[in-house]
Amino acid sequence: MSLDNNLNDKSVPLKEKRNSKVVIKAYNLIKDYEIGDFIVRAVDNINIEINEGDFIVIKGPSGAGKTTLLNLIGALDLPTEGEVFSYGVKISDMDHESLAIFRLMNSGFIFQSFHLISTLTAEENVMFPMSLIGERLENQRKVAVDLLKKVNLADRREHLPFQLSSGEQQRVAIARALANNPPIILADEPTANLDKETSLFIRNLFKELKENNKTIIIATHDDFLIELADRIINFQDGKIID
Ligand code: ADP
Ligand code: MG
């Protein structure tokens, strides 16, 4: 796919075009998974509005639909029914290429199991989202070095993911999520598999991101992260229960 060409696509809100205080608005959102004869309704008619600078925690038991909801909000997946708008632009019916660019410019994703590219070094993993939007190589490297310093991994730049501990891999993943300086950060149980010390470190990073007016949406059970929330969404069986 040719990302460079699509950067000129007027339908994709790039940084300078963002002016809405409403970052995400979802209407009547439904996501069904069809496996064989069974249909699982993972997200069941959700309406949600997220404003700039909100720090939102999605809580709920395993299987509640938290990951599915995050993926819909972040345009990693498309809903079965309903509409998602981000910065006033309808993202729920964009084609794959426009969505890819939208994500690269607007959202940083942090996953429970890191999803680093195993054949790239820590530094190259952080450079990767910048390379996809055509950032100059020397800038990519400079930003990656700065971000790895920020997550306390300046001395791990040349390490491959398998040479890093879980906590270090997650910190590289966070640096990568921040690479294009996206206004929205989505995180799916980012501290679930980590020790308390790393959880606290990550909590403080999120606190700093909040102070920098990032819009943050996290699925988590981590009390350290829950403490930072402006709003907690309790999710069960695909529905918001309060
Ligand atoms: P949570 O993150 O709260 O644990 P998920 O969003 O992962 O919940 O899953 C919600 C429901 O959707 C679960 O019942 C799960 O089995 C089902 N589900 C999730 N992803 C898929 C998929 N890709 N294909 C089929 N079913 C899925
Ligand atoms: Mg999940």
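Trainee: Why is Lys-142 called exposed?

Mentor: Its relative accessible area is 53%. Exposed means over 50%, buried is under 20%, and partly exposed is in between (1.4 Å probe, protein chains only), so Lys-142 at 53% counts as exposed. Keep in mind that this is a predicted model, where local features need pLDDT of at least 70, side-chain atom pairs count only at pLDDT 80 or more, and totals for chains, interfaces and linings use all residues. Side-chain values use heavy atoms, without hydrogens and water, residues are numbered from 1 along each chain as its sequence is written, and chains are lettered from A and ligands numbered from 1 in the order written.

Trainee: And what makes Asp-146 partly exposed?

Mentor: Asp-146 comes out at 38%, which falls between the two cut-offs, so the in-between label fits.

Trainee: How do you know that Asp-146 forms a salt bridge with Lys-142?

Mentor: The rule asks for a side-chain nitrogen of Lys or Arg within 4 Å of a carboxyl oxygen of Asp or Glu. Here the closest N and O atoms are 3.3 Å apart, so the pair passes. Both sit in helix H5 (residues 137-150), four residues apart, about one turn of the helix. Helices here are DSSP runs of H or I, at least four residues, numbered from the N terminus.

Trainee: Which residues do shared salt-bridge partners join into one network?

Mentor: Glu-83, Lys-90 and Asp-93. Lys-90 and Asp-93 meet at 3.7 Å, N to O.

Trainee: Why is Asp-32 called buried?

Mentor: Asp-32 has 19% relative accessible area, so it slips under the buried cut-off. Asp-32 still bridges to Arg-41 at 2.8 Å.

Key. Helix = DSSP H or I, 4+ residues; strand = E, 2+ residues; numbered from the N terminus.
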